[in-house]
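Here are some worked exercises to try with the model open beside you. Have a go at each task before reading its solution.

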Amino acid sequence: MSEQGCFHCGITIPKNEEINFDEKKFCCNGCKTVYEIFSLHDLTCYYDFEKSPGATPQDIAGKYDFLDNDAILTKVLEFQEGNTSIVSLNIPHIHCSSCIWILENLNRIQSGISISQVNFPEKRVRITFKSDQVSLKEIVYLLSSIGYEPYISLENYETGKSNVDRSLTYKLGVAFFCFGNIMLLSFPEYFEIKEFWLDNYKPFFRFLIFILALPSFLYSASGYYVSAYHSIKTRMLNIDIPIALGIIVMFIRSTYDMLMDHGPGFFDSLASLVFFMLLGKMFQIKTYSFLSFERDFKSYFPIAVTRINSDTSEESVPIYDVLKGNRLLIRNQELIPVDGILISEKAEIDYSFVTGEAVPITKKSGDKVFAGGKQIGKVIEMEVLHSVSQSYLTQLWSNEIFQKKVNQKHKTITDKISRYFTPILLLIAFAGFGYWIFIDANIAFNVFTAVLIVACPCALALTAPFTFGNILRIMGKQKMYLKNAIVIEQLAKVDTIVFDKTGTITTNKKSNISYEGKEIDEENLILIKNVLRGSNHPLSRMLYDFLPETIRIKVDDFEEITGKGILASVENQTIKIGSASFLEQSELQSSEIEKTALYIKINDVYLGRFNFKNQYRDGLRTLFSTLSKNYQIKVLSGDNDGERATLETLLPKNTELIFNQKPDQKLEFIKKLQEQGQNVMMVGDGLNDAGALAQSNVGVSISENVNVFSPACDAILDASEFSRLDYFLNLSHNAIKIIKMSFILSLLYNVVGLAFAVTGNLLPLVAAIIMPLSTITIVSFVTFMSNYFSKSNLK
Amino acid sequence: MSVIYLLISVSICVAIGFFIAFIIAVKSGQYDDDYTPSVRMLFDDETKITPQNNNSPTEEKQV
């Protein structure tokens, strides 16, 4: 039975640590407690939907004390009136149907909660509760105690109610309503049945069609008029100009035809055109609502910290109220929000969010600590040097690149084509008009309008949205999440790729541990392993997991000297594990001491040391050698050049390696490359890459867990798919190829339509056939091609 | 013959009715989350089974 995991969370239970309760096996007391809570409230159904769905609850004592502060509370709450409060909490652990079920049945555990509703794609739960019966803090504690700890960050502090923009849905709804009804009503016209009965009602039908076309023309298509107006104003010809022109001409000509009783007009084509184009727009928008591409430091930073007042009392204060000279209390796993000086004797600070470095850094009393680090271990005290906005890391966001909202800094491929398309179209229209005006003025006007109507680049405008929309989905399925469709075009243009080193091409999940020194025999291995078992230091934990499983023996004497190492005795042997200075090993060269390592000494005999090195991601070498054929590759690192030799053997010869780069230097580096005319893709991970990611043409953030942390960027790539970066780049090239092919196809349709138009033969029926036909063929063509390319590239 | 005016008008009115229903549905946020409800609807049966222990005493009281 031991191969079966914990009943609650599913992890494999180590031998001798199994807890049996209620005929079920648990890995720890935390999981058992959650099960007890659930069985007490009749909620064990939780385990029926999904096998082992739970998470082990974390210790959060004191972490949410700030929720007692009313000022903070009102900022976090979405709604509050009388006794009813509503809060929307982000819970990263939400991952299966069991989660939805338990979170929507919270009222059975806590009667103060009236309704809780889960939004699964956004990983949010919206809780309505009676504030006189239960406080938000109690709810947060309840959620944490069952393994669903919410994620409350500084971001929650500023966002009030988020307004969802649903205008496109409305427009699409209106367009579809008009399109469907107009099609029905124009059916009799298509067959031109010369029947007295139908002819009688023609004016009535046409009037209804006209009325129905109005909302589509005035409301649904309004976006195109606005966009066309803007593009004329900025003198940049985009595709919306011929579209807007086509729609307006179509409407005027049709109204004229109807009033003069020339025919039924093109209202049906107009409605279908508007509908299909909006559909394309809708298809292009694929949002990953559980991801955020706009994150800055605010989503990492806690909302409040504990301040120690001069009378030694503790108080939760909002982070913005922290001033220079304040003393702060940072607990285990809490983020340091500001730069400061360490007062406590020692701290272990994990900077993995900032730099991607896996191994925590040890700081001594009096050392400077920088914002963004996470304290691991004991509670520490620090004195504030700078307020939040002036700290080393957060200053990066005052760079202008974060200030300006760049809406469309790039010209899209469609816009490029339309630069030629629009003038040619107008030329043909006028030429046709000029030719016919000498023959028949009436036909001349017909030809002029018909050209503009039929050439309306509906199919052309649909090509890009459908191709990109489809590629976006294909990439999303393979764990490359793009911010929007424009990113695909940018990906195809990239010629230089800049990689961050730590956390990007190395993994921050596991370190590569190597041993240097005398051989360790079986006996000593048992000693080391057992001594390490008692230590909570991150390096000890890593080494403990790395060493092979041994038998257990009793450790007689164990002492952990903070900042130095472990002193223990087992079976009358003294074992020292720790830093070089702790072991007083004078023969070690000072340059080697800089490496992160654990030194081992048994009975005063120096054995050797375990070096902790970053592990490079799998497939790195092949990826770089493939990429170097088509791209310039550069590696930027915030670290010193200790790894240069290793990297040079691993990477292709022409790779440029630059070390000791500060966050703003990374940004400048990208800027310089761009000034040389290069299209730069930045691949990074931590907050220190945020500037470079924003500056680059395409910023790709590598994330071990896409739900939680990634700085603002254009694309988020799941770390497990890192080695397939070249596949995604290839796919983007193919997308452009597909678009070019289908442009040719849609231009062919335009030529056919124009042939009808300039000869003065464009009947409403012909337009009604050509337009949907071209749309459908284009859409199916690009869908088929993009799926084909995505598969063929896989091989 | 003029019945066609009536029929078409009625059919358009019905269509408008559905259109309004659609607008209301969008406005109330029904289309914002298209996944969770599909899971939630499967729960109803399960929740009825579990509270059996809770319900039985109340039923006895009623008898």
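**Exercise 1: a four-stranded sheet**

Strand S4 (residues 84–90) of chain A pairs with S3(A) in the antiparallel sense, through three bridges. Before going on, a word on the ground rules: this is a predicted model, where local features need pLDDT of at least 70, side-chain atom pairs count only at pLDDT 80 or more, and totals for chains, interfaces and linings use all residues. Residues are numbered from 1 along each chain as its sequence is written, while chains are lettered from A and ligands numbered from 1 in the order in which they are written.

Task: place S3(A) and S4(A) in their sheet, and state the strand order.

Solution.
- Step 1. Start with the terms: strands (E, at least two residues) and helices (H or I, at least four residues) are DSSP runs, numbered from the N terminus. Two strands pair if DSSP finds at least two bridges between them.
- Step 2. Find a residue pair to anchor the view: Glu81(A) stands opposite Thr84(A) in S4(A).
- Step 3. Read across the open sheet, whose four strands come in the order S3-S4-S6-S5 (chain A) with antiparallel pairing. Strand S3 (79–81) and S5 of chain A are the edge strands, each pairing on one side only.
- Step 4. Check the twist, which averages 15 degrees from one strand to the next. Angles run from 0 to 180 degrees between N-to-C directions, and axes are lines fitted to C-alpha atoms, for helices over the stretch in contact.
- Step 5. Look for a helix on this sheet: helix H4 (residues 97–104) of chain A packs there, touching S5 and S6 of chain A, and its direction makes about 160 degrees with that of S5(A).

**Exercise 2: the hairpin**

Task: which residue in the turn between S5(A) and S6(A) has a positive phi?

Solution.
- Step 1. Locate strand S5 (residues 113–119) and strand S6 (residues 124–130) of chain A, an antiparallel pair joined by six bridges.
- Step 2. Go to the bridge partners Asn119(A) and Arg124(A), the latter in S6(A).
- Step 3. Walk through the four residues between the strands of this hairpin; Lys123(A) has the positive phi, about 55 degrees.

**Exercise 3: a three-stranded sheet**

Task: which strands form the edges of the sheet S12-S11-S14 (chain A)?

Solution.
- Step 1. Note that this open sheet of three strands has antiparallel pairing.
- Step 2. Its edges are strand S12 (361–364) and strand S14 (374–376) of chain A, each pairing on one side only.
- Step 3. Neighbouring strands here are turned by 45 degrees against each other on average, direction ignored.
- Step 4. Follow one pairing in detail: strand S11 (residues 346–350) of chain A joins S12(A) over four bridges in the antiparallel sense. Lys346(A) has Lys364(A) in S12(A) as its bridge partner.

**Exercise 4: two helix pairs**

Task: classify the packing of H11(A) on H27(A) and of H10(A) on H14(A).

Solution.
- Step 1. Recall the classes: angles under 35 degrees count as roughly parallel, over 145 as roughly antiparallel, 65 to 115 as roughly perpendicular and the rest as oblique.
- Step 2. Helix H11 (residues 267–284) and helix H27 (residues 764–792) of chain A have axes that come within 9 Å and cross at roughly 15 degrees. H11(A) is therefore roughly parallel to H27(A).
- Step 3. List the residues that meet, counting two as in contact if their C-beta atoms, placed from the backbone, lie within 7 Å. Asp268(A), Ser272(A) and Phe276(A) are among those of H11(A), and Ala767(A), Met771(A) and Thr775(A) are among those of H27(A).
- Step 4. Turn to helix H10 (residues 240–259) and helix H14 (residues 441–454) of chain A, whose axes come within 8 Å and cross at roughly 135 degrees. That angle is why H10(A) counts as oblique to H14(A).
- Step 5. Here Leu245(A), Gly246(A), Val249(A), Met250(A) and Arg253(A) of H10(A) meet Thr449(A), Leu452(A) and Ile453(A) of H14(A).

**Exercise 5: chain B against chain A**

Task: which helix of chain B gives the most to the side that touches chain A?

Solution.
- Step 1. Chain B has four helices and zero strands.
- Step 2. The contact takes 22 residues from chain B and 21 residues from chain A.
- Step 3. Helix H1 (3–27), helix H2 (36–40) and helix H4 (52–62) of chain B each supply at least two residues of that side of chain B. H1(B) gives the most, with nine residues.
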